[in-house]
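Colleague: I've just opened this one and would like a quick tour before I set anything up. Mind if I fire some questions at you?

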Amino acid sequence: MPTEKEGTPRHASRVARWNCPSWRHRASAFVDAAHDSEDQQDGRHIKAPTLAIWQDPGDMVLPFDPSAVWHGWAPDVRTLMLPGGHFLPETQPDAVTAAIRNLIS
């Protein structure tokens, strides 16, 4: 197997494929709703201060309200919608860093 220098885009791509195989995403798409429902019925919530950041969908209409979903799980949640790509720490590093600093300060 060829090796790539750590930190290069090709290495990052190989690591991402290893860490996030598509079957994991497909599997969670079917069980997450059931798990969420059970957790909600049992009164489980996130008790720690929470930061939820997601990509601004632009003109696309989301089938749910991310802020409402997070507020249903965590009483102390800060939400932030940012323009950018799929991996916001890479496309919006300053905004993500500021939000994290605000959360932990």
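Colleague: To start, how many helices and strands does the protein chain have?

Modeller: Keep in mind that this is a predicted model. Along the sequence, the elements of the protein chain run α-α-β-α-β-α-α. The secondary structure comes to five helices and two strands.

Colleague: In what sense do E1 and E2 pair?

Modeller: Look across from Leu51 and you find Arg78 of E2 standing opposite. The pairing of E1 and E2 runs over six bridges, and its sense is parallel.

Colleague: Which residues of E1 point to the buried face?

Modeller: The side chains alternate along E1. Leu51, Ile53 and Gln55 point to one face and are not buried. The residues on the other face, which are buried, are Thr50, Ala52 and Trp54.

Colleague: Is Thr50 buried or exposed, then?

Modeller: Thr50 has its place in strand E1. The cut-off for buried is under 20% relative accessible area. Thr50 comes in at 10%, so it counts as buried.

Colleague: What does Thr50 touch, leaving out residues up to four places away in sequence?

Modeller: One partner is Arg78, 28 residues along the chain from Thr50, with 6.2 Å between the two C-alpha atoms. The full set that Thr50 touches, with residues up to four places away left out, is Trp70, Ala74, Asp76, Val77, Arg78 and Leu103.

Colleague: Let's move to H5. How far does helix H5 reach from its first C-alpha to its last?

Modeller: H5 covers residues 93–104, which makes twelve residues. At 1.5 Å a residue the expected span is 16 Å, and the model is close to that. From first C-alpha to last, H5 reaches 16 Å.

Colleague: Why do the buried residues of H5 line one face of the helix?

Modeller: The buried residues of H5 are Val96, Ala99 and Leu103. Viewed down the axis of H5, they fall within a narrow range of directions, so they line one face. In general, an α-helix has 3.6 residues a turn, so residues three or four places apart point the same way. For H5, the arc that holds the buried residues is 65°.

Colleague: And which residues are exposed on the other side of H5?

Modeller: The buried side is the one with Val96, Ala99 and Leu103. On the other side of H5, the exposed residues are Asp94 and Arg101.

Colleague: What do the buried residues of H5 pack against?

Modeller: Leu103 is one of the buried residues of H5, and Thr50 touches it. Taken together, the buried residues of H5 pack against helix H4 (88–91), strand E2 (77–82) and strand E1 (50–55).

Colleague: On to charges. Which residues are linked in a network of salt bridges?

Modeller: Side chains of opposite charge can pair when their charged atoms come close. Asp39 and Arg44 meet in a salt bridge at 2.6 Å, N to O, and Asp42 meets Arg44 at 3.2 Å. The linked residues are Asp39, Asp42 and Arg44.

Colleague: Are Asp39 and Arg44 buried or partly exposed?

Modeller: Partly exposed lies between 20% and 50% relative accessible area. Asp39 is at 23%, so it falls in that range. Arg44, at 43%, is likewise partly exposed.

Colleague: At what N to O distance do the side chains of Arg78 and Asp76 meet?

Modeller: This is one of the three salt bridges in the structure. Arg78 is partly exposed at 31% relative accessible area, and Asp76 is partly exposed at 32%. Their side chains meet in a salt bridge with an N to O distance of 3.6 Å.

Colleague: Last one: what percentage of the protein chain's residues count as buried?

Modeller: Pro66, in helix H3, is buried with a relative accessible area of 12%. The protein chain exposes about 8,300 Å², with carbon and sulfur atoms supplying 58% of that. Of its 105 residues, the share that counts as buried is 14%.

Conventions:
Residues are numbered from 1 along each chain as its sequence is written. This is a predicted model: local features need pLDDT of at least 70, side-chain atom pairs count only at pLDDT 80 or more; totals for chains, interfaces and linings use all residues. Side-chain values use heavy atoms; hydrogens and water are left out. Helices (H or I, at least four residues) and strands (E, at least two) are DSSP runs, numbered from the N terminus. The expected span of a helix is 1.5 Å times one less than its number of residues. Buried means under 20% relative accessible area, exposed over 50%, partly exposed in between (1.4 Å probe, protein chains only). The arc is that of the directions from the helix axis to the C-beta atoms. Contact means heavy atoms within 4.5 Å. A salt bridge is a side-chain nitrogen of Lys or Arg within 4 Å of a carboxyl oxygen of Asp or Glu. Accessible areas come from the Shrake-Rupley method with a 1.4 Å probe; for residues, only the protein chains shown count as cover. Two strands pair if DSSP finds at least two bridges between them.
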